[in-house]
Amino acid sequence: MSTVTESQIERVAAAPATEIAPRRRFLCHCLKVTPDEVQKCITDTNAETVHEVTRSCGAGKGCTACHCRIKDLLAGLCDDCGQSKRRCLCAAQTV
Ligand code: FES
């Protein structure tokens, strides 16, 4: 059984948030679509359903595993933490 040392705790505490939990690069891995691209698609086309997002930017056209994340964006939730955009601090933590 391994134990966490004091120096390991200090190293994690001192590390920038991006090193501990890097932002997901793609929201849809099959079609290589980023969360920002999906958000722009939702904003530009006023998409209200996953089908509309899929039709306009391609995200969600493969295995469908990302549909729940697309639905979160459609509902106005942060793709990283699941909080509403008003409560989310993820954007404030990225540099
Ligand atoms: S991850 Fe989006 S369709 Fe597979």
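This passage describes the fold, the helix contacts and the nonpolar core of a predicted model.

The overall picture is a simple one to start from. The secondary structure of the chain comes to six helices and zero strands, and the order along the sequence reads α-α-α-α-α-α. Of the 95 residues in the chain, 18% count as buried. Among contacts in the chain with a separation of 6 or more, 38% join residues that lie 24 or more positions apart.

Helix α3 is a convenient place to begin with the packing. The axes of α3 (residues 35-45) and α5 (residues 67-74) come within 10 Å, with a crossing angle of roughly 50 degrees. The two helices, α3 and α5, are therefore oblique to each other, and the crossing in which α3 passes α5 is right-handed. On the α3 side, Pro35, Val38, Gln39 and Ile42 make the contact, while α5 provides Ile70, Leu73 and Leu74. Sorted by class, this contact of α3 with α5 holds six nonpolar residues, one polar residue and no charged residues.

Helix α3 also packs against α4. Here the axes again come within 10 Å, and they cross at roughly 105 degrees, which makes α3 roughly perpendicular to α4. Glu37, Val38, Cys41, Ile42 and Thr45 of α3 meet Glu52, Val53, Ser56 and Cys57 of α4. The class count for the contact of α3 with α4 is five nonpolar, two polar and two charged residues. Val38 and Ile42 are thus worth a look on screen, as both are listed in the contact with α5 and in the contact with α4.

These helices come together again in the core. The largest nonpolar core has twelve residues, namely Leu27, Cys28, Val33, Val38, Cys41, Ala47, Val53, Cys57, Ala59, Cys66, Ile70 and Leu73. Two or more residues of this core come from each of α3, α4 (50-57) and α5.

Among the core residues, Leu27 offers a good vantage point. Leu27 sits in the loop between α2 (17-20) and α3. With 23 other C-beta atoms within 10 Å, against a threshold of 20 or more, Leu27 is buried. Apart from neighbours within four places in sequence, Leu27 is in contact with Val33, Thr34, Pro35, Val38, Ala59, Cys66, Arg69 and Asp79. One of these partners, Ala59, is 32 residues away in sequence, yet the C-alpha atoms of Leu27 and Ala59 are 7.9 Å apart in space. Ala47 is another member of the core. Beyond neighbours within four places in sequence, the contacts of Ala47 are with Cys41, Ile42, Glu52, Val53 and Ser56.

Two loop residues deserve a friendly mention for their backbone geometry. Asn46 is not a glycine, but has a positive phi of about 55 degrees. Asn46 belongs to the loop between α3 and α4, and counts as exposed because 9 C-beta neighbours lie inside 10 Å, where 12 or fewer is the limit. Thr64, likewise not a glycine, shows a positive phi of about 75 degrees. The location of Thr64 is the loop between α4 and α5, and with 13 C-beta neighbours inside 10 Å Thr64 counts as partly exposed.

How values were computed: Residues are numbered from 1 along each chain as its sequence is written. This is a predicted model: local features need pLDDT of at least 70, side-chain atom pairs count only at pLDDT 80 or more; totals for chains, interfaces and linings use all residues. Axes are lines fitted to C-alpha atoms, for helices over the stretch in contact, and angles run from 0 to 180 degrees between N-to-C directions. Helices (H or I, at least four residues) and strands (E, at least two) are DSSP runs, numbered from the N terminus. Angles under 35 degrees count as roughly parallel, over 145 as roughly antiparallel, 65 to 115 as roughly perpendicular and the rest as oblique. A crossing is left-handed if the near helix is turned anticlockwise from the far one by less than a right angle, and right-handed if clockwise. Two residues are in contact if their C-beta atoms, placed from the backbone, lie within 7 Å. Ala, Val, Leu, Ile, Met, Phe, Trp, Tyr, Cys and Pro count as nonpolar, Asp, Glu, Lys and Arg as charged, and the others, Gly among them, as polar. A nonpolar core is a set of buried Ala, Val, Leu, Ile, Met, Phe, Trp, Tyr and Cys residues joined through C-beta atoms within 7 Å.
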